[in-house]
Amino acid sequence: SMAIVQFGGGAMVTLRSGSVLNVAKLNLDENGKPTVVLDQEKGFSFRKIKKGYGNYKIKSPTSVAGVRGTSFSLTVAKSGKTSISLLEGKVQAAPIKDGVEQTDKALDLEQGQKVSSAKTGLTKPKKLTTKDKKQLKALNKIVLVPEA
């Protein structure tokens, strides 16, 4: 089974069963743009965020992904190892060490790349496999519902 959570008309998360996701922050900034910060403890999720949506971050035990106009997945294993797979758009991934985001070690993922993180840091980006792309493209077909 799956669940879809939508934030306004500009961002949504699709979760597979067994995933744990917490909303850490959800508000509007001084310009009226949304700020969404999510913590994913385990499981698989796929995100679709419209370009210009606002400030959107997803944290896992070992990394932080900051996004802008993006479709990507994030998987957290029981060990905390995190995999980020970018279908389209831009994602900046930063490792977390002792609970602190290491922005000086962040890297920008390009469309069609994936990266993993563990307690030792981020791996070098690799190309998505054909199977990865097919799975992400199927999830990307889910349409955002416009704001009322």
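So, burial to begin with: buried residues make up 43% of the 148 residues in this protein. Keep in mind as we go that this is a predicted model. The accessible surface comes to about 8400 Å², and carbon and sulfur atoms account for 51% of that area.

Now the overall build. We have 1 helix and 12 strands, and if you read from the N terminus, the order is β-β-β-β-β-β-β-β-β-β-β-β-α. The radius of gyration is 14 Å, close to the 15 Å that the globule rule gives for 148 residues, so the protein is as compact as a globular protein of that length. If you'd like a box for it, the C-alpha atoms fill roughly 45 × 35 × 30 Å along the principal axes.

A word on contacts and charges. Take the contacts between residues at least 6 apart in sequence: 42% of them join residues at least 24 apart. As for charges, there are 26 positive and 12 negative ones, and their mean positions sit 9 Å apart.

Let's go to the helix, α1, which covers residues 130-140. Which residues of α1 are buried? They are Asp132, Leu136, Leu139 and Asn140. Looking down the axis of α1, these buried residues fall within an arc of 100°, so they line one face of the helix. That fits a familiar pattern: an α-helix has 3.6 residues a turn, so residues three or four places apart point the same way. Turn to the face of α1 directed away from the buried side, and you find the exposed residues Thr130, Lys131 and Lys134.

What do the buried residues of α1 pack against? The answer is a list of strands: β1 (2-7), β2 (11-16), β4 (34-49), β6 (63-76), β7 (82-97) and β10 (113-118).

Let me zoom in on Asn140, in that same helix. Its relative accessible area is 15%, and the cut-off for buried is under 20%, so Asn140 counts as buried. Leaving out residues up to four places away in sequence, Asn140 touches Phe46, Lys48, Ser71, Leu87 and Glu88. One of those partners, Ser71, is 69 residues away in sequence, yet the C-alpha atoms of Asn140 and Ser71 are 6.8 Å apart.

Compare that with Ala138, which also lies in α1. Ala138 has a relative accessible area of 48%, which makes it partly exposed. Between Ala138 and Leu74, 64 residues apart along the chain, the C-alpha distance is 15 Å.

On to the loops, starting with Thr62, which lies between β5 (55-59) and β6. Is Thr62 buried or exposed? Buried, at 4% relative accessibility. Again setting aside residues up to four places away, Thr62 touches Gly80, Lys81, Thr82, Ala94, Pro95, Ile96, Ser117, Ala118 and Lys119. There is also a C-alpha separation of 8.9 Å between Thr62 and Glu101, which are 39 residues apart in the chain.

The other loop residue I picked is Asp98, between β7 and β8 (100-101). Here the picture is the opposite: Asp98 counts as exposed, at 75% relative accessibility. For the backbone people in the room, phi of Asp98 is near 55°, a positive value in a residue other than glycine. As background, most residues other than glycine have a negative phi.

Last stop, a strand residue: Ala24, in β3 (residues 20-28). With a relative accessible area of 49%, Ala24 is partly exposed; exposed would need over 50%. Beyond residues up to four places away in sequence, Ala24 touches Val37, Leu38 and Asp39. Ala24 and Lys59 are 35 residues apart in sequence, with their C-alpha atoms 9.4 Å apart.

To pull the thread together: α1 keeps Asp132, Leu136, Leu139 and Asn140 buried, with those residues on one face, and that buried side packs against strands including β1 and β10. Of the two loop residues, Thr62 is buried while Asp98 is exposed. Thanks, everyone, and happy to go back to any of these on the screen.

Key:
Residues numbered from 1 in each chain as written. Predicted model: local features only at pLDDT ≥ 70, side-chain atom pairs only at ≥ 80, totals over all residues. Heavy atoms only, no water. Helix = DSSP H or I, 4+ residues; strand = E, 2+ residues; numbered from the N terminus. Rg over C-alpha atoms; globule rule 2.2 N^0.38 Å. Buried < 20%, exposed > 50% of the residue type's maximum accessible area, 1.4 Å probe, protein only. Contact = heavy atoms within 4.5 Å. Areas by Shrake-Rupley, 256 points an atom, 1.4 Å probe, with all protein chains shown as cover. Lys, Arg positive; Asp, Glu negative; His and termini not counted. Charge placed at Lys NZ, Arg CZ, Asp CG, Glu CD. Arc of directions from axis to C-beta.
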